[in-house]
Amino acid sequence: MSQTTVQTACERIAFIDSHTAGEPTRLILAGGPDLGGGSVAAQRDRLREHDWLRRCVIHEPRGHEAIVGAVLCTPEDPQAACGVIFINNTGILGMCGHGTIGVAVTLHAMGRIGLGRHRFETPVGPVEVELLSPHRVAMENVPSFRHRQGVTVEVDGLGPVTGDIAWGGNWFFLSPNAPCPVAAENIPQLLDAAARVRRGLERAGICGAAGGEIDHIEFFEHSQTPGVDARNFVFCPGGAFDRSPCGTGTSATLACLAADGRLAPGATWVQESVLGGRFEGRYRAADGGRVIPTITGDAYVTAEGFLLRQPGDPFAEGLLQKPEGMGR
Ligand code: PYC
């Protein structure tokens, strides 16, 4: 067989890609900056100082706006299987549910973890995963809660839009008031509406607890599909939409359902994405009205290799088609 690898000098970043219910995760294994040791939160801060890695692996031409990256790092807790820092096209994510499922399936495909229970350390706390099969993962998320119920925001072109504000590892505004059905053919309209809602929240100074920026907007509706409770559309911070039902968004949904007394602890909620991928969610009650959500979903590895940075490449740190934060 002829030589098929690049022979000239390049910096190499080792990665494995996966998708979880259609939403991509790019696990970065080697080739990034030295993050030192300590807590994963401290390593996250160091990663932020070396933002070239995020820009290189997420932005075009090596990535695209829907990719969530997961930078593998050393956990502080010796019991944890790994540390992981999630990144996207705007910066560093607190948590990422579909990404956690993707990382678990990828580490298993690499032979680094077996079936069964494992702990991953994230900057916002430890997350427990249970690998139920080589593809199916139940992920126990960080404590989630509803912060405010029935908040109405004035939105350009849409008028008043009402929703709940909840934490599921990221801040969400969850609303049943989409201007059109939550359906694949309406994705352009849903993207536009969600971006407007986000701007409306910013303009009105509406935040999560402790001033947390509400950077995810979720529209939802009841599903007509037997065995599915709801269908959602999740708008992500950088202007992309989540192809999956969104693990942190489903966690925020569970927190709202629990607060309304509409879902009992341990009962299953089937959440479908605008593209038809499904997660199963359930929760157990925690202190202070919080819930501990468990999100179960399937992931599959899709590619492995090296991202290359050849000397002289003007886009070695990615191509910003639009200034960061302008995707909405
Ligand atoms: O699954 O939590 C999630 C997520 C956040 C952003 C994209 N996916």
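Colleague: Let's start with the largest pocket: how many residues line it, and which of them lie nearest its centre?

Modeller: The lining of the largest pocket holds 22 residues, and nearest the centre are Asp164, Pro176, Phe220, Cys256 and Arg262. Two or more lining residues come from each of β8 (145-155), β9 (159-167), β11 (216-222), α5 and β13 (269-273). β11 gives the largest share, with four residues. Please keep in mind that this is a predicted model, where local features need pLDDT of at least 70 and side-chain atom pairs count only at pLDDT 80 or more, while totals for chains, interfaces and linings use all residues. Numbering runs from 1 along each chain as its sequence is written, and side-chain values use heavy atoms, with hydrogens and water left out.

Colleague: What makes this a pocket, when the space around the ligand is called a cavity?

Modeller: On a 1 Å grid over the protein atoms alone, a pocket is an open set of points with protein on both sides within 12 Å along at least five of seven lines, whereas in a cavity a 1.4 Å probe fits but cannot get out; lining residues have an atom within 4 Å of a point. The largest pocket has about 350 Å³ of space, and the volume of the largest cavity is about 160 Å³. One cavity of 30 Å³ or more is present in the structure.

Colleague: Which residues line that cavity nearest its centre?

Modeller: Glu23, Val68, Leu93, His216 and Cys236 do, from a lining of 23 residues. The elements giving two or more residues to this lining are α3 and α5. By class, the cavity lining has 10 nonpolar, 10 polar and three charged residues, while the pocket lining has seven nonpolar, eight polar and seven charged. Here Ala, Val, Leu, Ile, Met, Phe, Trp, Tyr, Cys and Pro count as nonpolar, Asp, Glu, Lys and Arg as charged, and the others, Gly among them, as polar.

Colleague: Where does the ligand sit, and which residues are around it?

Modeller: The ligand sits in the largest cavity, a label that needs more than half of its atoms to lie within 2 Å of the grid points. Around it are Glu23, Cys96, Gly97, His98, His216, Asp242, Cys246, Gly247 and Thr248, each counted because one of its heavy atoms lies within 4 Å of the ligand. Both α3 (97-109) and α5 (247-259) supply at least two residues of this shell.

Colleague: Why would you call the pair between Thr248 and the ligand a polar contact?

Modeller: A polar side-chain atom of Thr248 is 2.7 Å from a ligand oxygen, and a polar contact is a pair of N or O atoms within 3.5 Å, so this pair qualifies. A backbone N or O atom of Gly97 also lies 2.7 Å from an oxygen of the ligand, and a polar backbone atom of Gly247 is 2.7 Å from a ligand oxygen too. Of the 240 Å² that the ligand exposes when taken alone, the protein buries 99%.

Colleague: What makes the bond from Glu60 to Pro61 worth a look?

Modeller: That peptide bond is cis, with omega near 10 degrees, and Pro61 is in the loop between α2 (52-58) and β3 (68-73). Most peptide bonds are trans, and most residues other than glycine have a negative phi. Ala21, though not a glycine, has a positive phi of about 50 degrees, and Ala21 lies in the loop between β1 (11-20) and β2 (23-30).

Note on methods. Polar contact = N/O pair within 3.5 Å; in protein donor to acceptor, adjacent residues only side chain to side chain. Areas by Shrake-Rupley, 256 points an atom, 1.4 Å probe, with all protein chains shown as cover. Points joined across faces, edges and corners; volume = space filled by probe spheres on them.
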